[in-house]
Structure formats: structure tokens, C-alpha cells
Amino acid sequence: EFIVPKLRKILLGFGKDLPFLTKILLWVAKLLGWFFVLGIPILLLVGVWWIKKRGWIELHRVFLKLPIIGKLWLYFDLSRWSYTTALLLESGIVLPKAISVGKNSCYNIFLREMFQNIVLPVEEGKSLSAELKKLEFIPEFLIELVSVGEETGTLPEMLYNASELLVKEADYLINRTLRWIEPLTILIVGIIVAYIVISVILPIMEISTAVKF
């Protein structure tokens, strides 16, 4: 931001201009500057407007659609719900009440709303697995485990198994993500640093060439 413009003045004194790669670096620096000055406030205002229009529940639903982060949030919340519901069932709480109380263990508001919506159908005698099939984001293996638990009368045990499986799936996703994020981050940072270095060195080389001639 400070060095390159000074080099440009020197080059202009020799009747030359900055190399194209260096110009791109300056353009990107200006764009980033404008982004921090105007872009971030505009994004915040748009975010506030969107939340007021659609509500926090819809925002939490959008979060669940995010790659990796959304799936991790989903797995951990479903794991807590499965474990809490199983614990309540073992304590003698009826299934509809266990679902309703268990939903409070979810941090995602959209998931809480989904589970609350299936309380009444379960009270009316419909199976939990059938109602879970109608919901968004619920993994197939969780539905299958619940179905087996209902058929065999071992729903709490199946929910405990589902809770453990969901945590394992989340851990696997974290480890798999970290395996490719680390080298990718190093590669991207290396490219950026190399580009900046080259963009600064090229004008200096141009100046050296101009001085020799």
C-alpha cells in the first residue's frame, strides 16, 4: 500500500509504468479497503433486514444448509436430542413429552421447531420414525435406528446408539475436513505471499533496468 505507489512514481519518472501483476495487486488492495469501509456495514444491514423479514428460525435453517459447519451443528444437536430423549424415556417420561423436553437440548431453533411439530402426531399414535421421515435434515440412519427401536421395544437403547453414532460421524467429518484444509491453506497462503513478493520485486527490477540504460 505504501511501497508500491512510491515505486510507481519512480518508474513514471523513467517513462515506465508498473507491471500488470503489480497493478492487479493495487486494485485488489483498493477493493479490500472499500470492502472493509462499505461492504461489511452493508452486509450487516442486509443481515439485520433479512432476519427481521424472515426471522431467526429461518436463519438457523439456512445455517444447517452450510457445508461442513451446518452438518456438524446438525449432528451435535441431534446427538444431544437423541441422548436426552433416551434418558427421559428411561426415567418413565412418555414419548411425546420426552420429545418436547428433549428438543430443548438443541441449540438450533429450527430443529427445536421441527421436533415440537411432531409432538402432536406422536400423541395421536403415529410412530416417531414415520414423523422423522417428514422432517428436513434428519439422517436416514437415525430414522432407521428409531424404527428398529420402536419395533423391538428398545427405543431408548437405539437412541443412545444414535447419539454415539452421530458424535462419531461429526468427529469423522472434522478429521476429514482438517486433513484437506491444512495443506490447502498452506498452498493458498504460499501462493498469495509469492504473488505479493513478485509484485513488489517486479517494479524494483524495472527501476534497476531503467537506471542501467
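A residue is called buried when its relative accessible area is under 20%, exposed when over 50%, and partly exposed in between, using a 1.4 Å probe and protein chains only. By this criterion Glu131, at 5% relative accessibility, is buried. The structure is a predicted model, in which local features need pLDDT of at least 70 and side-chain atom pairs count only at pLDDT 80 or more, while totals for chains, interfaces and linings use all residues. Residues are numbered from 1 along each chain as its sequence is written, and side-chain values use heavy atoms, with hydrogens and water left out.

The charged pairs make a good place to start. A search of the whole structure returns 4 salt bridges, each defined as a side-chain nitrogen of Lys or Arg within 4 Å of a carboxyl oxygen of Asp or Glu. One of them joins Glu136 to Arg61, with the closest N and O atoms 2.9 Å apart. Glu136 sits in the loop between helix H8 (128-133) and helix H9 (140-152), whereas Arg61 belongs to helix H3 (residues 56-64), so this pair ties together parts that are 75 residues apart in sequence. Helices here are DSSP runs (H or I, at least four residues), numbered from the N terminus. The two partners fall into separate accessibility classes: Glu136 is partly exposed at 32%, and Arg61 is buried at 18%. The pair also belongs to a network of salt bridges that links Glu58, Arg61 and Glu136.

Two further salt bridges can be described in turn. Glu131, the buried residue of the opening paragraph, pairs with Lys134, their closest N and O atoms being 3.2 Å apart. Lys134 itself is exposed, with a relative accessibility of 59%. In the other case, Arg80 bridges to Asp77 with closest N and O atoms 2.2 Å apart. Both Arg80 and Asp77 lie in helix H4 (residues 69-90), 3 residues from each other, or about one turn of the helix. Asp77 is buried, its relative accessible area being 0%, while Arg80 is partly exposed at 27%.

Helix H4 also lends itself to a simple geometric check. The expected span of a helix is taken as 1.5 Å times one less than its number of residues. For the 22 residues of H4 this gives 32 Å, and the end C-alpha atoms are 32 Å apart, which agrees. Just after H4, Gly92 adopts a positive phi of about 100°. Val94, in the loop between H4 and helix H5 (95-102), is exposed with a relative accessible area of 54%. Although Val94 and Glu123 are 29 residues apart in sequence, their C-alpha atoms are 9.3 Å apart in space.

Backbone torsions bring two more loop residues into the picture. Most residues other than glycine have a negative phi. Ile68, however, has a positive phi of about 65°. This residue is in the loop between H3 and H4, and Ile68 is partly exposed at 29% relative accessible area. Phe137 likewise takes a positive phi, near 70°, and is located in the loop between H8 and H9. At 22% relative accessibility, Phe137 counts as partly exposed.

Returning to H8, the side chain of Ser129, a residue of that helix, makes a polar contact of 2.8 Å with the side chain of Glu150. A polar contact is a pair of N or O atoms within 3.5 Å; within protein, one must be able to donate a hydrogen and the other to accept it, and residues adjacent in sequence count only if both atoms are side-chain atoms. Ser129 is buried at 7% relative accessibility. Leaving aside residues up to four places away in sequence, Ser129 touches Ile143, Val146, Ser147 and Glu150, where contact means heavy atoms within 4.5 Å.

The last element considered is helix H10 (residues 155-212), which contains Asp171. Asp171 is partly exposed at 35%. Its C-alpha atom is 8.7 Å from that of Leu72, with their positions 99 residues apart in sequence numbering. A nonpolar surface patch is formed by Trp180, Ile181, Leu184, Leu187, Ile188, Ile191, Ile192 and Ile196, which together have about 710 Å² of accessible area. Patches are built from residues with over 30% relative accessible area and no salt bridge; like charges are joined within 9 Å and nonpolar side chains (Val, Leu, Ile, Met, Phe, Trp, Tyr) within 5 Å. Accessible areas come from the Shrake-Rupley method with a 1.4 Å probe, and for residues only the protein chains shown count as cover. Within this patch, Ile196 lies in H10 and is partly exposed, at 39% relative accessible area.

Conventions. Helices (H or I, at least four residues) and strands (E, at least two) are DSSP runs, numbered from the N terminus.
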